[in-house]
Amino acid sequence: MALPVMYNYRHLLAHKTTSILTMLVIAAVVGLSCWLLSFSNALESSLAVAADETKILVLKQGATSESNSSITIEDFHRLDQLTGVARDPDTGQALISPEMMVQVFLPRVRDGGKTNSNVAVRGVTEVAFDVHTNVRVVEGRRFSVASPEVIVGVQASKQFAGLMIGDTVALGSGNDRAFTVVGHFSADSGPMESEIWGYLPALMNASTRESYSSAYVRVKEGVDPAEAIERITGPSIELKAETEADYWRFQSLGIRGYLFVASLLAAVMGLAAVLSIANTMYATVAGRTQEVAMLRTIGYPRRAILASFLVESAILSLAGGLLGCIGCILWLATVGNTKDMFGFFTFTTLAFEISLTPKAAAIALVSVTLVGMGGSLFPAWRAARTPVVSALREP
Amino acid sequence: MDLRITYLYRNLSRNPMRTALTSAAIALPIVIYVLSFSVIQGFDDFLDRAAKQLRLCVTQKTSIVNPLPTGHRRKIEFLDESKTRILSVCGLRWVGGKVGDKPQLLSTMAADPDTFLGTFSDYKLSESERANWFRERRAIVVGSGTANQFGWKVGDRVSIKPSLPPYKEMDFIVVAVGSSENDPVTNFFRADYYEDVMKEIGGPTDKVSFFFVKCATKEDLTHFTAEIDELFARTPDETKTQDEKTFMNSFITQQFNLPRNLTILAFTTIFVAVMAAANTMSMNIRDRMGEIATLRSLGFGRLGLFALVQTESLLLCVGGGVIGAAIPYIAFNFTPLGRMNVPLIQTLIVEGSMCAQALLIAAGVAIFAAMVPAISAARTPLVTALRNME
């Protein structure tokens, strides 16, 4: 025989102040946790896409990112010796893409252009679209090799000003070459969506560069990328190679550190919330000693009493949690859901959008309910062990 | 008087569980507050030190990673031939760098040897250290943090592998270690050494990443910010000039905007503390309605009751606050945690004044949280309250 949920509900209503204050504590903690969870989800999913294990990034030995790597044309041609490289089925061309990375300082949309950010500009040739298979033009068309045109990743187009189709953007070392935006591309929400792509020779010319920054190699299916990496780093080629996944893992070390610290602080806050719930429930139990004794007298077993108090704190936690989720959604909708992360190694910006996914919200709600029930375990236990006779005798 | 103190003490000790839980629920947010604002303070100090140096930073207009020609230095110097307003111009070449297989990226710069000491006069080098900088071609001045981390001392021979050409280890001799006032993670070595290495490998020379321009006064700083950019406008190498504080701040805010996020975090937790304290105080008053009515009937004034509730809340919250402020203070001043490496600000300094500020916050939490319960206690209508006792 269990106590009806309505009993708990009425009690929560009877002590409005306490219920609301406890709910607000929970809401603050859940709201913050939801935001952190969404942030790290957005970052993870962006980086997870980059985890194409058959794609190898080649840099100059000693370079720490594409931005500070410089591969001469000779260096690049040493990659021709590489075996196990995938080939274009029609032309037979090896899928090795020479690329150059420069940057442009563009105003952010989210604060009305008050601040600027370093946006990566990547010079590529046609083979790049066969190496980076997840890059697809979703609007407009690819840049032509004959005229100064660029395509822009969808995240970059949303977060930085002046990157709509038809806009012109000034690139090059003097910031004086006008390139027309002719298309937007997606990359399965990977980091490349924060970039601007143009034709390699045109961009090298504009930036007065004579060497490439990096090369991407797609290995043949069934070939172990580790073997190819060993070959590239070996004495005959002498370049640095790593899978794209490893590269991005390294580049995001800093932000992961921040996230870790933030989560730690959120956990401390969560602990404060648990104490707060426990406090409320102790008071609730203490105030209802006689009532519990009466319930026991009319036949409710100890575990029904225990369950009832746990349910009560679960309702409280869930309500607070929902409030927190709503708060988080409102925050994202009003303050903004776009974030960008400046890579200390890449010197470029990785832009992404944060949204509270149903899954993240569910995780937050389930955990807060469990945590809330955890906090009320001791008071509920005390309630269940109320000595019937003496409690009834008390005034 | 005595009686009231006894009553306060009894009130807090009659429900030890509630007092303990509430104190802890306030102590934890105070811990977060102290830590967050210590970090923000670290950033502020870093920026203030940068601002005090009256230096401008000249970068390439399009992007900080694009180089500028070394020839810009002479042109900037010619803006003030008297050398009374522009004191010194130093070109810096960023080479990043790593030590051995350590994953951490250093911030190492090749500096014009003749003007480095003048431009970075905040590196208070001794006479002999200065002499060594000029004499030893492989001289390097290392930041205090970097020196600590790798155990480098003056006189040591060290190797750093640049992240840019030549990409292979270069040997240096440490001639000086920066003080804690200087940027702890930046190292400077002589550009002539770097240029020689670059010539050997046929790499690009005569390029710098940015120039630092030491000005005489604040007015000069503002004046030349515009004038330098005007000088190079419409040339192939346009510049962007900012004062050092703005330049450094753009780095900090671009990377996750930590100060802003920490502020939001700290205030959310203070909100949690207020709610937790308010909850406890309102429960306390609710449980004691009868007693309060009795006190009223004995002649305690409304103001007295208001003060009584506020004092109780103050004791509760400041008690929690002392615990909360003591934890990070002890942890970061008396344990190895104090030497932990924090990016940019190097070590987290938890100052006593920050903890005192947290106690004030705790007191604020107390007053705010007890406001409604205290007013309701003061307003207790005598007759109804006494009747409710039964």
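This passage walks through the sheet of chain B, a helix pair beside it in the sequence, and the contact between chains A and B.

The model is predicted, so local features are kept at pLDDT of at least 70 and side-chain atom pairs at pLDDT 80 or more, while totals for chains, interfaces and linings use all residues. Residues are numbered from 1 along each chain as its sequence is written, with chains lettered from A and ligands numbered from 1 in the order in which they are written.

Chain B holds an open sheet of 9 strands with mixed pairing, in the order 6-7-5-8-4-3-10-1-11. Strands here are DSSP E runs of at least two residues, and helices are H or I runs of at least four, both numbered from the N terminus; two strands pair if DSSP finds at least two bridges between them. Strand 6 (157-160) and strand 11 (239-243) sit at the edges with a single partner strand each, so one side of each has no neighbour in the sheet.

Strand 4 (residues 107-111) of chain B has 4 of its 5 residues buried, so the rest of the structure largely encloses it. Buried means that 20 or more other C-beta atoms, placed from the backbone, lie within 10 Å of the residue's own. Strand 4 of chain B pairs antiparallel with strand 3 (residues 86-96) over 4 bridges, with B:Thr108 as the bridge partner of B:Gly96. It runs parallel to strand 8 (residues 186-190) of chain B, joined by 5 bridges, and here B:Met109 stands opposite B:Phe188. B:Phe188 is also the bridge partner of B:Val141, in the antiparallel pairing of strand 5 (residues 139-142) with strand 8 of chain B over 2 bridges.

As for the helices, the axes of helix 2 (residues 16-52) and helix 10 (residues 258-287) of chain B come within 9 Å and cross at roughly 165°. That makes the two roughly antiparallel, a label for angles over 145 degrees. Axes are lines fitted to C-alpha atoms, for helices over the stretch in contact, and angles run from 0 to 180 degrees between N-to-C directions. The contact involves, among others, B:Ile26 and B:Phe37 of helix 2 and B:Leu262 and B:Ala273 of helix 10 of chain B.

Between the chains, 48 residues of chain A are in contact with 44 of chain B, contact meaning C-beta atoms, placed from the backbone, within 7 Å. Helix 9 (253-287) of chain A is among the contributing elements, and gives the largest share of the chain A side, 17 residues.

How values were computed
Buried ≥ 20, exposed ≤ 12 C-beta atoms within 10 Å, placed from the backbone. Parallel < 35°, antiparallel > 145°, perpendicular 65-115°, else oblique. Contact = placed C-beta atoms within 7 Å.
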